[in-house]
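Biologist: Could you take a close look at one part of this protein for me, the helix in the middle of the packing, and walk me through what surrounds it? Cut-offs included, please.

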Amino acid sequence: YTSGSSLDPHLSEEAARAQVQRIAKVRSLNPNQVEILISQNTDGRFLGIFGEPGVNVLKLNLALDGLQ
């Protein structure tokens with residue numbers, strides 16, 4: 001699901017991890033590198049109790065670009 005503006009920069013951890021192999025292949029990276037970056041770019045719950053953790057897609061893509 002996206003936000004009302006369709007600009008929500010977050011993706012569930014499960015959805016991000018389901019794409020690890022594809023991202024690693026397209027970017028010629030080791031899947032472990034992609035997993036580490038997903039972990040580093042996952043935001044926790046709002047105020048520690050609201051919502052679910054999510055991967056900030058913008059930050060993740062910038063980190064992936066930085067590897068190349």
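Modeller: Here is a walk through helix α3 and its neighbours, followed by the sheet.

Some ground rules before that: this is a predicted model, where local features need pLDDT of at least 70, side-chain atom pairs count only at pLDDT 80 or more, and totals for chains, interfaces and linings use all residues. Residues are numbered from 1 along each chain as its sequence is written, and side-chain values use heavy atoms, with hydrogens and water left out.

The protein has four helices and three strands; helices are DSSP runs of H or I with at least four residues, strands are runs of E with at least two, and both are numbered from the N terminus. Read from the N terminus, the order is β-α-α-α-β-β-α. Of its 68 residues, 21% count as buried, where buried means under 20% relative accessible area, exposed means over 50% and partly exposed lies in between, with a 1.4 Å probe and protein chains only.

Now to α3, residues 31-40, and its packing against α4, residues 57-67: the two axes come within 10 Å and cross at roughly 140°. Axes here are lines fitted to C-alpha atoms, for helices over the stretch in contact, and angles run from 0 to 180 degrees between N-to-C directions. That makes α3 oblique to α4; under 35 degrees counts as roughly parallel, over 145 as roughly antiparallel, 65 to 115 as roughly perpendicular, and the rest as oblique. The crossing is right-handed, which is the label when the near helix is turned clockwise from the far one by less than a right angle. On the α3 side, Q33, V34, L37 and I38 meet L60, A63, L64 and L67 of α4, with contact meaning heavy atoms within 4.5 Å. Sorted by type, the residues of this contact are seven nonpolar, one polar and no charged. For that sorting, Ala, Val, Leu, Ile, Met, Phe, Trp, Tyr, Cys and Pro are nonpolar, Asp, Glu, Lys and Arg are charged, and the others, Gly among them, are polar.

S39 also sits in α3, and S39 is partly exposed at 45% relative accessible area. Its C-alpha atom is 9.4 Å from that of L60, 21 residues away along the chain.

On to α2 (20-27), whose axis comes within 9 Å of the α3 axis, with a crossing of roughly 120°. The pair is therefore oblique, and this crossing is right-handed. Here V20, Q21, I23 and A24 of α2 meet P31, V34, E35 and I38 of α3. The residues of that contact split into six nonpolar, one polar and one charged. The loop between α2 and α3 holds N30, which is partly exposed at 39%. The C-alpha atoms of N30 and V20, ten residues apart along the chain, are 9.4 Å apart.

What does α4 pack on besides α3? There is an open sheet of three strands, ordered β1-β3-β2 with antiparallel pairing; two strands pair if DSSP finds at least two bridges between them. Its edge strands, each pairing on one side only, are β1 (10-12) and β2 (42-43). β1 and β3 (residues 54-56) pair over three bridges, and S12 stands opposite G54 in β3. α4 packs on this sheet, touching β1 and β3, and its direction makes about 50° with that of β3.
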